[in-house]
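Please describe this structure for someone who has not met it before. A careful account in running text, with one small table, would be welcome.

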Amino acid sequence: MPDASDADRDALTGLHGRKLFQSLLGQAIDSARQSREPVALVHIGLDRFKVINGTLGHDAGDELLRAVAVRLNAVLRVGAPVARLGADEFVVLLEGQGDHAAIVDSVERLRVALGGAFVVAEQEVFVTASLGVAVFPEDAATANEFFANADKALQRAKHAGRDNTQFFTKEMRGLDSSRLALERDLRRAIDREEFVVFYQPQLDVKSGDVLGVEALIRWQRPGLGMVPPMEFIPLLEETGLIVPVGAWVLKTACAQAQQWRADGIVPLRVAVNISASQLRQNRIADVVEKVLAETNIAPSALELELTEGLLIENTLASSQVLHRLRDMGISISLDDFGTGYSSLSYLKRLPIDLLKIDRSFVRDVLSDSADRAIAAAIVDLAHALGLHVVAEGIETQEQLNFMRSLGCDAAQGYLIGRPMAADACAAWIKAERSKAVVPTDDGPAGPPTLTDVTPGLRVP
Ligand code: C2E
Ligand code: MG
Ligand code: MG
């Protein structure tokens, strides 16, 4: 191994730097060619490192990175090449593994080592990592290709969710070109007006009244049908295209709300999802103000949905923007609540009106006692703070009944209605509202319940 000069070391963690690592990688490839023993390159990305940095501060972030380096070294044999590449990205070279099964074993040990609790800034934090692995010689012919392919596997692992390992596969070879094609088509989609907004209804679970709708973008990609947002929103965010597209969704949804009002479908609140880059861009409040003026809808008819991670990343700036939006009379809701790196203090500090319990808790609420406890705690917490609670992803009558029994205020999900094109949604709302509540012999009718107004929905 060559002597490492300072420039070859990562100052923060003491691990190898990129240059030294690359030269070791070259040597490893040369010896693998001779020994015919496979070498594995593991790209490791820490999940949600930004959030930890943002919540606990940069010193804590640095402490965590040093602790990660120590854990990596503890799993690897002494002197194994391991480097830090970017802020929260590491690479490890696994040599002398013998065969594939041994590589899989070692990679799993790396993943598990990074998954436990770390103590930084005198607090316990839980970290997970995404790992991408390429194996030489089968996955690559050159050092550059080897490096790039392990990175592609990491990108795939990150997309697949947290705490995940992906090995490079032949299908990933086309990843770059298909990504470029997707980006090119997305840029054209704006000009060609291929985006559409669907609307999914939300019901008041006590009165059964339609409270509003959530605007959800779809892409009618020529030849590929209706593409769901999770397949293109990440790329819109990466490329910055989310800013114009997000503004378009906002305007379309507000114009639709105004049209519905003109058609006599009132009152109706429309909720629009806002992504991190839109909020970071400080102009969001100006954009909203302009759209409200152009479409002439009341600010109280607009709700903006944000996700937890987005707020924690930059709490102070977010707080200023949110206060400005709130002062305009817009409601703010926290989407997918419970899935982020929950730091509850921001619930107190930020002007939030509504929490949406993520559907991952609702899904098994009847069978999983932990989900039940979480859902119940979220409802109580929200109510104690004066916030409304919406249960997302209600698919069965039993889930609806249960969430109502916990005290949820509103519900959204396939049981009530799927996201629909604007016309279909208007027809749905009209049909829903036209169902009159018939007084019974027992006395005057109370507020309408879901049974009264929604076919197929039963109140226990
Ligand atoms: P979200 O804001 O949490 O929206 C709810 C998602 O859950 C929607 O998926 C909806 O179709 C789905 N859903 C609703 N009820 C049920 C149910 O009962 N069961 C199941 N399995 N799913 C249900 P969709 O439309 O695919 O959107 C996914 C995500 O994409 C949204 O999650 C939101 O984060 C994002 N998104 C959608 N439209 C926009 C947009 O215009 N701008 C931004 N920034 N993000 C958007
Ligand atoms: Mg949403
Ligand atoms: Mg959600």
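The magnesium ion (ligand 2) has as its protein donors E214 (OE), N273 (OD1), E305 (OE) and D335 (OD), which lie 2.0 to 2.2 Å from it; donors here are N, O and S atoms within 2.8 Å of the metal (3.2 Å for Na, K and Ca), and water is not among the atoms, so sites may look incomplete. This is a predicted model, in which local features need pLDDT of at least 70 and side-chain atom pairs count only at pLDDT 80 or more, while totals for chains, interfaces and linings use all residues. Residues are numbered from 1 along each chain as its sequence is written, chains are lettered from A and ligands numbered from 1 in the order in which they are written, and side-chain values use heavy atoms, with hydrogens and water left out.

Along the sequence, the donor residues of the magnesium ion (ligand 2) follow the spacing E-x58-N-x31-E-x29-D. Distant parts of the chain are linked by the pair E214, in strand 9 (residues 210–221), and D335, in strand 13 (residues 331–337), which are 121 residues apart; strands are DSSP runs of E with at least two residues, helices are runs of H or I with at least four, and both are numbered from the N terminus.

The magnesium ion (ligand 3) is coordinated by D335 (OD), D336 (OD), E392 (OE) and E392 (OE), at 2.0 to 2.6 Å, and its donor residues are spaced D-D-x55-E in sequence. The two ions, the magnesium ion (ligand 3) and the magnesium ion (ligand 2), are 4.1 Å apart, with D335 coordinating both.

The table gives accessibility for some of the residues discussed, where buried means under 20% relative accessible area, exposed over 50%, and partly exposed in between (1.4 Å probe, protein chains only).

| Residue | Class | Relative accessible area |
|---|---|---|
| E214 | buried | 3% |
| D335 | buried | 6% |
| D336 | partly exposed | 24% |
| P201 | buried | 0% |

P201 has its place in strand 8 (residues 195–204). Leaving aside neighbours within four places in sequence, P201 is in contact (heavy atoms within 4.5 Å) with several residues, including G212, V213, A411 and W428. The C-alpha atoms of P201 and V270 are separated by 9.3 Å, although these residues are 69 apart along the chain.

Elsewhere, helix 8 (residues 242–262) meets helix 10 (residues 284–295). The contact is made by A247, L250, K251, C254, A255 and Q258 of helix 8 together with V287, V288, V291, E294 and T295 of helix 10.
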